[in-house]
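Open the model in a viewer and keep the sequence panel beside it. The stops below go from strand to strand, then to pockets and loops.

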Amino acid sequence: MNADVYALNRRERLRVSVRRLAGTRYPILVVDDVYRDPEAVRALALSLEYSPSTSGHPGDKALAEVGDGLEALHELVYRYLGRDYGYESPALPTPSDGHARFHRMHDEGAQLSPRQCMPHVDTALLAGVVYLNLPEHCRGGTAFHRHRRHGLVEYRLRDRQPVDPNVIRAVQQMGIMESYLQGLEQQHWDDYDELGGQLWSPSSAPQDFMERGNPDWERFQVIPMRWNRMVCYPGFVFHSALYSPAWFDMAAASRRLTQNLFFMWPRATS
């Protein structure tokens, strides 16, 4: 483990942009030149053993022990985005404390599940990626989607544990429940579970990557991939990799490669 691998660039070299997702009140964070030595982070990512992802992310995943090496990255996210979403400290909760998470896209002939052929949402409050492809291999990016039939851009995956009320207030002020409540009033669905069933129902569209969208989903914004760029956004907004196998050499060193970030919903203290 070498925590220095994850050292951030000097502050004057960081190119930070906070913007809103188009047509929403949700802020997102884009930081270019985020790592001081992105080649070292990339080399570490390429050295790992990957296993197939069982989630909505098509591709393979790997973990690398990092200890507290990502503290500076977490503080950066907190400073520019976390406080807007109600986090009270830079100690952002993650699902894999002490580890960095990496993702490598499938090769062209890989089998995709139906859920991997549509946008997804994460259990995390904030999610993000650091793009680790070399400049000559950067294509696509991260796409955000709207459900064509319902007009929704978000769906929160709920769990049984109560969430910090400050966070709930913050995302409600951004409008997280407005479209759901409007649809409930108009009797488009009876409850949240029925809405979820409608959103994730099997599609008649071709089962492939979300390169061009499909009859069920409309792409409304893309953050382009750039070498050593970090993008952080609300995990409850429908998103996917903007990706086509034709854009990448299928050699392991040339596939779409990212470091993935997940910051969980803070729990209520009681």
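Which residue of strand 11 is the bridge partner of A127? Select A127 together with F262, since F262 is that partner. The coordinates come from a predicted model.

**Stop 1: the eight-stranded sheet**

Extend the selection to residues 126-131 and 257-263, which are strand 6 and strand 11. The two run antiparallel and are joined by six bridges. Now show the whole sheet around them: an open sheet of eight strands in the order 1-2-9-6-11-5-4-3, with antiparallel pairing. Its edge strands are strand 1, residues 15-20, and strand 3, residues 51-52, and each of these pairs on one side only.

Next, select residues 38-47 for helix 1. Helix 1 lies across strand 4 (60-65), strand 5 (99-104) and strand 11. Relative to strand 11, helix 1 runs at about 95 degrees.

**Stop 2: the hairpin at strands 1 and 2**

Move to strand 1 and strand 2, an antiparallel pair with six bridges. V16 is a convenient handle: V31 in strand 2 is its bridge partner. Six residues lie between the strands of this hairpin, and G23 has a positive phi near 75 degrees.

Stay on strand 2, residues 27-32, and pick L29. Is L29 buried or exposed? Its relative accessibility is 0%, so L29 counts as buried. Display the contacts of L29, leaving out neighbours within four places in sequence. They are V16, S17 and V18, then L76, V77, Y80 and L81, and finally M230, V231 and C232. For a view across the model, draw a distance from the C-alpha atom of L29 to that of S201: the separation is 31 Å, with the two positions 172 residues apart along the chain.

**Stop 3: two loop residues with positive phi**

Most residues other than glycine have a negative phi. Select D33, in the loop between strand 2 and helix 1. Phi of D33 is positive, near 60 degrees, although the residue is not glycine. D33 counts as partly exposed because its relative accessibility is 27%.

Then select N228, in the loop between strand 8 and strand 9 (229-234). N228 is another residue other than glycine with a positive phi, near 65 degrees. With a relative accessibility of 2%, N228 counts as buried.

**Stop 4: the largest pocket**

Which residues are closest to the centre of the largest pocket? Select S53, S55, H57, R101 and F262, which are the closest among the 24 that line it. F262 is the partner of A127 from the opening stop. The volume of this pocket is about 460 Å³. Strand 4, strand 5 and strand 11 are the elements that each give two or more residues to the lining. Coloured by class, the lining shows ten nonpolar, ten polar and four charged residues.

**Stop 5: the second largest pocket**

Select L70, H74, T94, D97 and G98 to find the centre of the second largest pocket, as these lie nearest to it. Its volume is about 250 Å³, and 21 residues line it. Helix 2 (71-80), strand 5 and strand 11 each give two or more residues to this lining. Which element gives the largest share? Strand 11 does, with five residues. By class, the lining divides into nine nonpolar, eight polar and four charged residues.

From here, go to S89, in the loop between helix 2 and strand 5. S89 is partly exposed, with a relative accessible area of 31%. Add Y78 and draw the C-alpha to C-alpha distance from S89: 7.3 Å, for residues eleven apart in sequence.

**Stop 6: the three-stranded sheet**

Finish on an open sheet of three strands, in the order 8-7-10 and with antiparallel pairing. Strand 8 (217-224) and strand 10 (239-242) stand at the edges; each has a single partner strand, so one side of each is left without a neighbour in the sheet. Neighbouring strands here are turned by 35 degrees against each other on average, direction ignored.

For a last selection, take strand 7, residues 141-147, with strand 10: they pair in the antiparallel sense over four bridges. G141 marks one of the pairings, with L242 in strand 10 as its bridge partner.

Note on methods. Residues are numbered from 1 along each chain as its sequence is written. This is a predicted model: local features need pLDDT of at least 70, side-chain atom pairs count only at pLDDT 80 or more; totals for chains, interfaces and linings use all residues. Side-chain values use heavy atoms; hydrogens and water are left out. Two strands pair if DSSP finds at least two bridges between them. Contact means heavy atoms within 4.5 Å. Axes are lines fitted to C-alpha atoms, for helices over the stretch in contact, and angles run from 0 to 180 degrees between N-to-C directions. Buried means under 20% relative accessible area, exposed over 50%, partly exposed in between (1.4 Å probe, protein chains only). On a 1 Å grid over the protein atoms alone, a cavity is a set of points where a 1.4 Å probe fits but cannot get out, and a pocket is an open set with protein on both sides within 12 Å along at least five of seven lines; lining residues have an atom within 4 Å of a point. Grid points are joined across faces, edges and corners, and a volume is the space filled by probe spheres set on the points. Ala, Val, Leu, Ile, Met, Phe, Trp, Tyr, Cys and Pro count as nonpolar, Asp, Glu, Lys and Arg as charged, and the others, Gly among them, as polar.
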